[in-house]
Amino acid sequence: MGKATVIPFGPQHPVLPEPLHLDLVVEDEKVIEAIPQIGFVHRGLEKLVETRDYNQFIYVAERICGICAFGHSMGYAETVERLMGVEIPTRAEYLRVIWHELSRIHSHILWMGLAADAFGFESLFMHCWRLRERVLDIFEKTTGGRVIFSVVKVGGVVRDIDKLQFNEIKRVLEGIKHDYNQLCKAFLKDTSVKNRTVGVGYISHEDALDLSMVGPFARASSVNNDSRCLGNGGYKFLSDFQPIMDGQGDCYARVKVRALEVLQSIDIIEEMIAKIPEGDIAVPVKGSPADGAESSNVVEQPRGECYYYARGNGSKYLERMRMRTPTSQNLGGMTKVLAGCDLADVNMIVLTIDPCISCTER
Amino acid sequence: MGSFKLGAMTLGGLFKKPETIQYPAQTKPMPAGLKGHVVNDVETCILCSICAKRCPTSAIEVDKKGRTWAINRFRCVQCGSCVRECPKQCLTMDPHYASPATQMEPSVFDVPEHEKVQAEV
Ligand code: SF4
Ligand code: SF4
């Protein structure tokens, strides 16, 4: 038995896209404890709700995260719509789902690229990001932005997608599917990838439930908690939805769940495009949320369930806007998984929870 | 199990058109709806200040007395609220990005007194 040593990991580390600090207590090459620390990129966005009215805050909400920007603007808009009792047009709900699922595809492919980079498979990383670029091009053409879209507003959406664009989306997604299946083969069947992921960072179903883990991290330990099942917003129009789960609970299972979710999202978008009705894309919203009115909402972000809470005070400024993001739920699980792992596996494990620190700190 | 699962795709890439372009010698075409920068047609602007009130970043400043309409491009986040809310539809979103500037100051536009001109005619 060696002497316990503390190794600092982050906030600047090649594997981390965002600043997260871990104090790794190691003995020989084994991590015996990991103590996380966040707070490097806090921006006080929730406080801004006091100085931006409920229409303006949507542009703050979508800046919570650069990857799930659309999800946050949609989650916020739905919460305020509930607060004010606004029914949005069906076409707007469909459009929101289409953009949200496109965000999930780009988030998951981005993550898969980062994971490939973490285990040193550079060409796989390049191929992932090459495919992601095509999704960003769809966003650029349909919303006018690549990362921040500003297409959601309270009461609907501000842009429509026409038939021509839908056809192009379908064509691009077909192309992505073809290449993506080959990438999946590399992720799920390649020996060198499996060596780094199979059996690494195991967390049991019971622990996942105990630690209230969410998203693909939990679904890889067969926790059925995909909030798309609740049928909020446009998800109620899906003919069938079965969350993707896996029981292995290791890094390989987490890669697998995300890899399959991309294909599932492509199917959802295709179904939505086939079924989308004609009609308006927004309704006018007048007035302010009532004093003391409260509402809450959950949205399945690419990283897991995100919870929104809003309270009105009779003016056009909200009294309180609160979000609980998926990564803050998953940090407990991450420290649990890290205890007992090999030092060389730390980066792989940290990445497979897909931490989004700027979401967590807001 | 097995290795080189990505081999076919990577080797195939040798015979395909490159996915990247030689920026800045080449640039990508800009889609029509791209959010580049906000342009005001000062001929139609009535200086009503609605755009300034709707802007989430307070990027627009309207001076009714001095007859100027100013936008701070360093604050503007291209959200498009002003373009949607302008009652005279004189604001548009140009698909070209604003060029870099050496000084962080707002772009100020003089708004001609069109109503008066019309009255005189
Ligand atoms: S809203 Fe339109 S008309 Fe009014 S000040 Fe702004 S640009 Fe001019
Ligand atoms: S586009 Fe948005 S941020 Fe820019 S000036 Fe208009 S309202 Fe303000």
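1. Starting with A:T197: this residue sits in helix 6 of chain A, the run from 191 to 197. The model is a predicted one, so read every distance below as computed from predicted atoms. A:T197 has 1% relative accessibility, which puts it in the buried class, since the cut-off is under 20%. Its side chain isn't left without a polar partner: one of its polar atoms lies 3.0 Å from the backbone oxygen of A:V193. If you skip the neighbours within four places in sequence, the contacts of A:T197 are A:F119, A:D250, A:C251, A:Y252, A:V255 and A:M348.

2. A:S73 makes a nice companion case. You'll find A:S73 in helix 2 of chain A, residues 69-84. A:S73 counts as buried, with 1% relative accessibility. Here the backbone oxygen of A:F70 is 2.9 Å from a polar atom of the A:S73 side chain. Beyond four places in sequence, A:S73 is in contact with A:I58, A:E62 and A:V152.

3. Is A:E18 buried or exposed? Buried, with a relative accessible area of 19%; the class ends at 20%, so keep that cut-off in mind when you use the label. A:E18 belongs to the loop that runs between strand 1 (4-9) and strand 2 (21-27) of chain A. Setting aside residues up to four places away in sequence, A:E18 touches A:P11, A:P355, A:C356, A:I357 and A:S358. For orientation relative to point 1, the C-alpha atoms of A:E18 and A:V193 are 24 Å apart, with their positions 175 residues apart in sequence.

4. Now the ligand. Which residues surround ligand 1? The shell consists of B:N40, B:C45, B:I46, B:L47, B:C48, B:S49, B:C51, B:W69, B:C86, B:P87, B:C90 and B:L91. Sorted by class, that shell has ten nonpolar residues, two polar ones and no charged ones.

5. On to the interface of chain A and chain B. About 2300 Å² is buried between the two chains, and carbon and sulfur atoms give 52% of that. On the chain A side, A:Q56, A:Y59 and A:E140 lose the most area to chain B, together 21% of what that side buries. The contact involves 31 residues of chain A and 24 residues of chain B.

6. The polar side of that interface deserves its own point. Between chain A and chain B there are four salt bridges, and twelve residue pairs are in polar contact, both partners at pLDDT 80 or more. Helix 4 (122-143), helix 5 (163-189) and helix 6 of chain A each bring at least two residues to the side that touches chain B. Helix 4 of chain A supplies the largest share of that side, with nine residues. By class, the chain A side splits into eight nonpolar, nine polar and 14 charged residues.

7. B:E19 is worth a click in the viewer. Its side chain meets that of A:R130 in a salt bridge, N to O at 3.1 Å. B:E19 also forms a salt bridge with A:R134, at 3.2 Å from N to O. A:R134 is in helix 4 of chain A, whereas B:E19 is in the loop between helix 1 (7-12) and strand 1 (37-40) of chain B, so this pair joins two chains. B:E19 is partly exposed, with a relative accessible area of 47%.

8. Over all chains, the structure holds 33 salt bridges. In one of them the side chains of A:E133 and A:R146 meet, with N and O 2.3 Å apart. The pair runs from helix 4 of chain A, home of A:E133, to the loop between helix 4 and strand 4 (152-153), where A:R146 lies 13 residues away in sequence. Both partners are partly exposed: A:E133 at 33% relative accessibility, and A:R146 at 22%.

9. Another pair within chain A is A:D267 with A:K177, whose closest N and O atoms are 4.0 Å apart. That bridge links helix 9 (residues 251-275), which holds A:D267, to helix 5, which holds A:K177, across 90 residues of sequence. A:D267 counts as partly exposed at 42% relative accessibility.

10. Finally, a salt-bridge network to have a look at: A:E101, A:R104, A:R219, A:D226, A:R228, A:E261 and A:E300 are linked in it.

How values were computed: Residues are numbered from 1 along each chain as its sequence is written. Chains are lettered from A and ligands numbered from 1 in the order in which they are written. This is a predicted model: local features need pLDDT of at least 70, side-chain atom pairs count only at pLDDT 80 or more; totals for chains, interfaces and linings use all residues. Side-chain values use heavy atoms; hydrogens and water are left out. Helices (H or I, at least four residues) and strands (E, at least two) are DSSP runs, numbered from the N terminus. Buried means under 20% relative accessible area, exposed over 50%, partly exposed in between (1.4 Å probe, protein chains only). A polar contact is a pair of N or O atoms within 3.5 Å; within protein, one must be able to donate a hydrogen and the other to accept it, and residues adjacent in sequence count only if both atoms are side-chain atoms. Contact means heavy atoms within 4.5 Å. A residue is near a molecule or strand if one of its heavy atoms lies within 4 Å of it. Ala, Val, Leu, Ile, Met, Phe, Trp, Tyr, Cys and Pro count as nonpolar, Asp, Glu, Lys and Arg as charged, and the others, Gly among them, as polar. Buried area is the accessible area (1.4 Å probe) that two parts lose on being put together, summed over both.
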